[in-house]
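Open your viewer, load the model below and keep the selection tool handy. We will go from one stop to the next.

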Amino acid sequence: MARKLLIWLLFLILIASGVLLYIFSLNIEKNRQEEIADTIKSYFDRQINKQKSQALMLAILLAQNEALKNALLDIDEERGHQILYNALQTLKKYTPLQGVRAQVIAKDLTIFARSWDKEFSGMPLEEFRKDLYNFKITKPKVSIEAGRLLTIKATVPIKNRYKIVGYMESIVLFEPLTKILRKRGVELFVLMDSKYLDVATLMRENPTIGSYVVSNRNYNKPLLHYLKRKKDLLNKSISSDSNYLFITKPMFNAQGEKLGLYLMVVAKEEIRRLASFSKPLLLFLDIDDDELSDIMMIWEHPQSSFRSLYDKSVLEFLSKSEDSELKREFEAEARQILQNYSKEELIDIILNKYRRKPKRGVIQ
């Protein structure tokens with residue numbers, strides 16, 4: 001009897017140990033998945049902020065185009081389109097931002113010029129852009145907005161002296177971001193709530209997952225069919241099955257309204273590679289945290305501590321030029337310029353040169 005009792009006790013201990021070991025392994029896997037998900041979300045945030053900052057910088061540069069501003073003041077839409085198209089093509093050669101469009105919005109909130117077509121000049125935008133209803137922008141802004149398409153939109157006032165005469169807007173699609181994440185083994189689905197289809201008229205034929213519309217056109221098609229059978233995963237921030245890890249992140253516009261969500265999908269065989277990638281990546285993510293603030297400062301104070309962009313350019317050329325004869329000429333010009341500056345202005349110029357924080361990190 002005692003022997004049977006001992007056998008049963010050992011049997012129960014083995015079962016309990018097995019259950020505890022199974023629960024422990026599940027917790028380890030859950031923690032591992034959460035760590036991977038946090039890394040992917042951080043990387044995603046970094047990349048979408050980079051897209052936003054580049055879009056904002058592009059809009060700021062285009063808003064400074066004097067020829068385009070004059071075309072807007074003259075209400076010459078044909079000339080405006082050509083100048084905008086040429087300027088954008090030139091800037092695309094020297095910037096990494098792809099999949100970008102630009103448009104000039106007149107002060108009465110009608111389209112003045114678009115880089116990609118001429119057909120909609122004079123069209124009012126309020127019907128398609130709820131974010132423009134109270135369009136009293138005095139400073140640049142950048143956000144995800146639902147227009148006829150769901151896109152990243154950066155909007156900058158165009159000023160004639162101190163008067164706002166229109167708005168420059170750069171529009172970035174989600175295709176480049178999808179490609180960037182795919183290179184890291186992450187498939188992205190940008191999902192807009194279908195209630196915005198009354199505005200997003202160009203997305204009415206897009207595929208859906210549950211009550212969401214897929215906004216990025218270069219999504220993974222075989223994976224989309226797989227996801228259609230697992231709509232419940234959209235209610236969880238992290239979930240998984242035997243094949244994939246699913247990560248969701250809410251998507252908001254400038255007014256804080258929820259537009260939908262981002263769904264990131266990682267195949268299980270990619271998890272181990274991403275686990276080894278996460279530590280150096282987190283170091284990399286610390287770079288350029290205030291990139292958007294820096295760009296805003298460029299717009300607000302393009303000449304920095306100098307009185308004009310001309311003054312600043314003379315001093316910058318002087319510091320970079322290696323031609324001794326040109327250097328002497330620019331030094332004489334710089335001396336003449338700086339003689340008219342006050343002591344406080346000169347101190348600001350010197351301090352501004354050393355104000356930037358050193359940036360470090362591991363780039364993969």
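Which residues have the most contacts inside the largest nonpolar core? Select Ile144, Leu150, Met168, Phe174 and Tyr262: these have the most contacts inside that core, which has 56 residues. A nonpolar core here is a set of buried Ala, Val, Leu, Ile, Met, Phe, Trp, Tyr and Cys residues joined through side-chain atoms within 4.5 Å. Buried means under 20% relative accessible area, exposed means over 50%, and partly exposed lies in between (1.4 Å probe, protein chains only).

Before moving on, a word on the model: it is predicted, local features need pLDDT of at least 70, side-chain atom pairs count only at pLDDT 80 or more, and totals for chains, interfaces and linings use all residues. Residues are numbered from 1 along each chain as its sequence is written, and side-chain values use heavy atoms, with hydrogens and water left out.

**Stop 1: the cores**

Stay with the 56-residue core and colour helix α1. The largest share of this core, 13 residues, comes from α1. Helices (H or I, at least four residues) and strands (E, at least two) are DSSP runs, numbered from the N terminus.

Now centre on Phe174 and show its neighbours. Leaving out residues up to four places away in sequence, Phe174 touches Ile48, Ile144, Leu150, Thr151, Ile152, Val190, Asn216 and Tyr262 (contact means heavy atoms within 4.5 Å). Apart from the core you have just seen lies another one, of 16 residues; Ile209, Leu234, Phe246 and Leu261 are among them. In soluble globular proteins, nonpolar side chains tend to be buried together.

**Stop 2: strand β4 and its partners**

Next, select residues 150-160, which make up strand β4. Nine of the eleven residues of β4 are buried, so the rest of the structure largely encloses this strand. Zoom in on Thr155 in β4: its relative accessible area is 0%, so it counts as buried. The side chain of Thr155 makes a polar contact of 2.7 Å with that of Glu169. A polar contact is a pair of N or O atoms within 3.5 Å; within protein, one must be able to donate a hydrogen and the other to accept it, and residues adjacent in sequence count only if both atoms are side-chain atoms.

Add strand β3 (residues 141-146), which pairs with β4 in the antiparallel sense over six bridges. Two strands pair if DSSP finds at least two bridges between them. Look for Ser143 opposite Lys153 in β4. β3 and β4 form a hairpin with three residues between them.

On to strand β5 (residues 163-172), which runs antiparallel to β4 and is joined to it by nine bridges. Here Ala154 stands opposite Ser170 in β5. This hairpin of β4 and β5 has two residues between the strands, and Arg161 in the turn has a positive phi of about 60°.

Extend the selection to strand β1 (residues 100-106): six of its seven residues are buried, so β1 too is largely enclosed by the rest of the structure. β1 pairs with β5 in the antiparallel sense over seven bridges, and Gln103 has Glu169 as its bridge partner in β5.

**Stop 3: helix α2**

Which residues of α2 are buried? Select Leu68, Lys69, Ala71 and Leu72. Viewed down the axis of α2, these buried residues fall within an arc of 160° (taken from the directions from the helix axis to the C-beta atoms), so they line one face of the helix. At the start of α2, a side-chain oxygen of Asn65 comes within 3.1 Å of the backbone nitrogen of Ala67. Just after the helix, Ile75 has a positive phi of about 55°.

**Stop 4: salt bridges**

Finally, show the charged side chains. A salt bridge is a side-chain nitrogen of Lys or Arg within 4 Å of a carboxyl oxygen of Asp or Glu, and by this rule there are seven. One of them joins Lys249 and Asp45 (3.4 Å, N to O). Lys249 lies in strand β10 (residues 244-252) and Asp45 in helix α1 (residues 2-63), so this pair ties together parts 204 residues apart in sequence.

Back in α2, Glu66 and Lys69 meet in a salt bridge (3.2 Å, N to O); they sit three residues apart, about one turn of the helix. End the tour at Asp74, Asp76 and Arg79, which are linked in a network of salt bridges.
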